[in-house]
Amino acid sequence: MLRIAIQTKGRLNEQSIELLRESGVMIGEEKRKFLMRASGLPVEILFLRDDDIPQTVAMGAADLGIVGYNEVQERGYAVDVIQKLGFGECRISLAVPKNVEYTGLDYFNGKRIATSYPNVLKNYFDQKGIKADIHTITGSVEIAPAAGLADAIFDIVSSGGTLISNGLVEVEKVLHSEAVLIATPGLDGEKMAMAQQLISRFESVQKGYGKKYLVLNLPVTALDEAVAMLPAMRSPTVIPLANSEWCSLQTVVDEKELWDIIEKLKAIGAEGILVLSLEKIVL
Ligand code: ATP
Ligand code: MG
């Protein structure tokens with residue numbers, strides 16, 4: 001039995017459950033208990049506050065954990081970071097009130113900085129030779145400057161909206177973070193094999209993120225040109241149609257490039273273009 005720690009509630013909870021579900025580990029919808037047996041694979045889910053996940057995995061009380069990389073760095077426990085999971089993206093940044101003149105990192109010498117990530121900040125300042133007064137608070141860090149508690153903050157930023165509404169400007173991006181899969185160092189052979197199985201399923205699910213399946217009809221004369229412009233895992237699938245002057249082309253494209261590709265294909269005569277969602281890619 002493999003035990004996986006995930007966040008009970010909060011920003012990473014739903015996507016952790018979704019990733020597990022798409023990987024064939026189902027967690028019942030009934031009232032969630034602290035520790036639950038999942039169906040699909042021999043897996044137990046341990047629901048914890050994100051703060052506690054690195055330590056629980058380091059101790060071996062859970063074999064794997066899904067948690068923000070920022071928490072892994074802050075807590076400093078010995079865990080193996082196995083895989084980036086492609087969700088929960090954010091950064092931890094230094095921000096100052098918008099009316100101060102920011103001249104560079106030296107600005108922080110002798111200043112008071114409020115943060116929930118004192119260890120990450122201390123390491124950063126030590127590396128850069130900055131001596132500042134780090135003030136740890138767990139609640140709403142972003143209000144500290146306006147409340148007179150600090151000169152600057154070091155906090156999680158994703159869109160930046162919270163900073164703006166508190167009159168702050170992001171001046172240094174220190175740590176990029178996303179949800180990661182962590183493991184207890186030195187898992188035994190049987191657990192390692194199960195973890196590997198799950199890791200490759202996670203990879204397949206992730207490969208499908210942001211991808212679309214494109215199906216279209218194309219004059220046969222435009223086929224070479226279309227194949228040259230399409231990214232595909234090997235090469236696109238081409239299927240003959242009843243009308244021998246036309247064929248059907250099918251391929252996987254990145255959502256970011258979707259419209260660009262569709263417009264180019266239309267320009268060379270593509271018709272009947274279907275865009276379908278894609279769940280998993282198993283290579
Ligand atoms: P818990 O109750 O489990 O301690 P929390 O309040 O400490 O939860 P959440 O706000 O749920 O934590 O955030 C969990 C993780 O989501 C963060 O540690 C970070 O990795 C990630 N995250 C992504 N974007 C953001 C954001 N805009 N603000 C906060 N966290 C974010
Ligand atoms: Mg927390």
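Trainee: How many Å separate the centres of domain 2 and domain 3?

Mentor: Keep in mind that this is a predicted model. The domain assignment puts domain 2 at 90-177 and domain 3 at 211-277. Taken over C-alpha atoms, their centres are separated by 48 Å.

Trainee: OK, and which domains each give at least three residues to the shell around ligand 1?

Mentor: The assignment lists three entries to pick from, domain 1 (2-86 + 179-207), domain 2 (90-177) and domain 3 (211-277). The ones that each supply at least three shell residues are domain 1 and domain 2.

Trainee: By class, what does that shell around ligand 1 look like?

Mentor: There are 16 residues around ligand 1, with Arg-49, Asp-50, Asp-51, Asn-70 and Ser-158 coming nearest. Sort the shell by class and you get three nonpolar, six polar and seven charged residues.

Trainee: Which side chain has a polar atom 2.7 Å from a nitrogen atom of ligand 1?

Mentor: Let's go by ligand atom. Arg-49 has a side-chain N or O atom 2.8 Å from an oxygen of ligand 1, and for Asn-70 the partner is also a ligand oxygen, at 2.7 Å. The nitrogen atom of ligand 1 pairs with Ser-158.

Trainee: And how much of ligand 1 does the protein bury?

Mentor: The space ligand 1 takes up is the largest pocket. On its own, ligand 1 exposes 630 Å², and the share buried by the protein is 78%.

Key
Residues are numbered from 1 along each chain as its sequence is written. Chains are lettered from A and ligands numbered from 1 in the order in which they are written. This is a predicted model: local features need pLDDT of at least 70, side-chain atom pairs count only at pLDDT 80 or more; totals for chains, interfaces and linings use all residues. Side-chain values use heavy atoms; hydrogens and water are left out. A residue is near a molecule or strand if one of its heavy atoms lies within 4 Å of it. A polar contact is a pair of N or O atoms within 3.5 Å; within protein, one must be able to donate a hydrogen and the other to accept it, and residues adjacent in sequence count only if both atoms are side-chain atoms. Accessible areas come from the Shrake-Rupley method with a 1.4 Å probe; for residues, only the protein chains shown count as cover. On a 1 Å grid over the protein atoms alone, a cavity is a set of points where a 1.4 Å probe fits but cannot get out, and a pocket is an open set with protein on both sides within 12 Å along at least five of seven lines; lining residues have an atom within 4 Å of a point. A molecule sits in a cavity or pocket if more than half of its atoms lie within 2 Å of its grid points. Ala, Val, Leu, Ile, Met, Phe, Trp, Tyr, Cys and Pro count as nonpolar, Asp, Glu, Lys and Arg as charged, and the others, Gly among them, as polar. Domain bounds come from an automatic or database domain assignment.
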